[in-house]
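Good morning, and thank you for the opportunity to speak. I would like to present two features of one protein model, and I invite you to follow them on the screen.

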Amino acid sequence: MNIRTPIDRNTIISLLVASFPVLCLAYGNGYNLPPIFLLIVALGFCWQFKQINYTKQVKWVIGSFIFYFLTYVASTLYYGGSFSEIDHPSRIVLILPIFLLLLLYPPKTNILTTGFIIGSIIAGIVAIIHIYDFKLGRAFDDTFKTIHPSLKGYMPIQSGNMAMTLGLISLTISIYYLTLKSWWKFIFCLIAALLGIFASFLSGSRGGWVFLPIALIYLVVTNRQFITKKTACLSIFVLAVALFSLSQNTKIMTRLQSATQEISQYQQGADETSSLGVRFELWKSAIYTTEQHPIIGAGYQGRKALRELWSKEGLVNAEVISLFLDSHSHNQYLEDLSVRGIIGLTALLAIFLIPLGIFIKNHKTCDLPKQKMINQCGAISVIMMMGYCLTQAMFRHTSGIIFYSLVTVIFLAVSISMRERKA
């Protein structure tokens, strides 16, 4: 194919971008391939990057991503750590050429939204197959990959969280079609949203459900001008049906009940080695480490040595530490704080709050429903990732850092481009 016009390029790039949510949970490592192709294309167009209008918003995004990566580099050099420590965060820098590419050729909204809707549907179907066909205890569980090779590459927590984001983005898109009174598209997107959210519940990833009410409240508040008695009643009905359906699922209810039981037992000192008990002990260890090294953190090796010390002194459960000595803290905030100190935590908050601030600002200053929808999708993605990071070190896994950074720059590129065209 001869690519001669910007329109052709824009369409091809849009399809590549849309392939990311589509493939993300279609198979275990589905999040890997589209970013590689996008990066190759971006490097092929790098000579055009000088044409970009580097606004304050663009500079803030680039600066925050680079700052986050540099905190890892500085910590590794200072403590003499292995350069494998900067492997995962390097992905956030490699996303930047893609960000610049998408500023040059912003993805077409209809192609982009279709990709997320299809991705949410696929997430739901895959999760249903895992639970009701493969008879797994949790969807996206690669524990049984020897029996079912298709499970290779999945992680229930990471994949469940990604499914939740896909579902909520689809829900945001459905609200957009509701405002346009495009009923069939609204219903289709709503079904896609429910499938994505259901996939997260089937994964049993309880940490992914923490910020769900906050995300729903955000969508209600930002779309309150469109809420009529009819839509309110319809929403309440759908929510009631969804909650009833979830309450009838024994696997989901078992996960919720076990969480309550584990918290109760931990408070009583009866079980510190349960799933939540382990997290609480690792969080305590991270807090103790931060008290010793508040500014620049202890580094990975220093954190490991201090964990052993805390266990010997009886400050944290010795059995938990022996089993999870080299593990992350199961909380991205405490992970960055204990390893890279306040500087590391500041960098982490920057890659959350700067994009979120841009989405909120651009949402307030735009008039078209399509622009509002794009900014809401971006904001929802950031809000949910901030929630996931409370109970999981999402960025200590390739899937988490790629998913967050790529989804964020996709919506940022579209949002900023729409804002510039308006100006």
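Let me begin with a pair of helices. In this predicted model, helix 12, residues 299-312, and helix 14, residues 332-365, have axes that come within 8 Å and cross at roughly 105 degrees. Angles of 65 to 115 degrees count as roughly perpendicular, and helix 12 and helix 14 are therefore described as roughly perpendicular to each other.

Which residues make this contact? From helix 12 they are Gly299, Tyr300 and Arg303, and from helix 14 they are Glu335, Ser338, Val339 and Arg340. By character, the residues of this contact divide into three charged, two polar and two nonpolar.

I now turn to the surface. A nonpolar patch is formed there by Phe67, Tyr78, Tyr79, Ile295, Ile296, Ile342 and Ile343. Together, these residues have about 650 Å² of accessible area.

Where does the largest share of the patch come from? Helix 3 provides it, with three residues. Tyr79, a member of the patch, is located in helix 3. Helix 14, introduced earlier as a partner of helix 12, also takes part: helix 3, residues 56-79, and helix 14 each supply at least two residues of the patch.

Thank you for your attention.

Note on methods. Residues are numbered from 1 along each chain as its sequence is written. This is a predicted model: local features need pLDDT of at least 70, side-chain atom pairs count only at pLDDT 80 or more; totals for chains, interfaces and linings use all residues. Side-chain values use heavy atoms; hydrogens and water are left out. Axes are lines fitted to C-alpha atoms, for helices over the stretch in contact, and angles run from 0 to 180 degrees between N-to-C directions. Helices (H or I, at least four residues) and strands (E, at least two) are DSSP runs, numbered from the N terminus. Angles under 35 degrees count as roughly parallel, over 145 as roughly antiparallel, 65 to 115 as roughly perpendicular and the rest as oblique. Contact means heavy atoms within 4.5 Å. Ala, Val, Leu, Ile, Met, Phe, Trp, Tyr, Cys and Pro count as nonpolar, Asp, Glu, Lys and Arg as charged, and the others, Gly among them, as polar. Patches are made of residues with over 30% relative accessible area and no salt bridge: like charges are joined within 9 Å, nonpolar side chains (Val, Leu, Ile, Met, Phe, Trp, Tyr) within 5 Å. Accessible areas come from the Shrake-Rupley method with a 1.4 Å probe; for residues, only the protein chains shown count as cover. A salt bridge is a side-chain nitrogen of Lys or Arg within 4 Å of a carboxyl oxygen of Asp or Glu.
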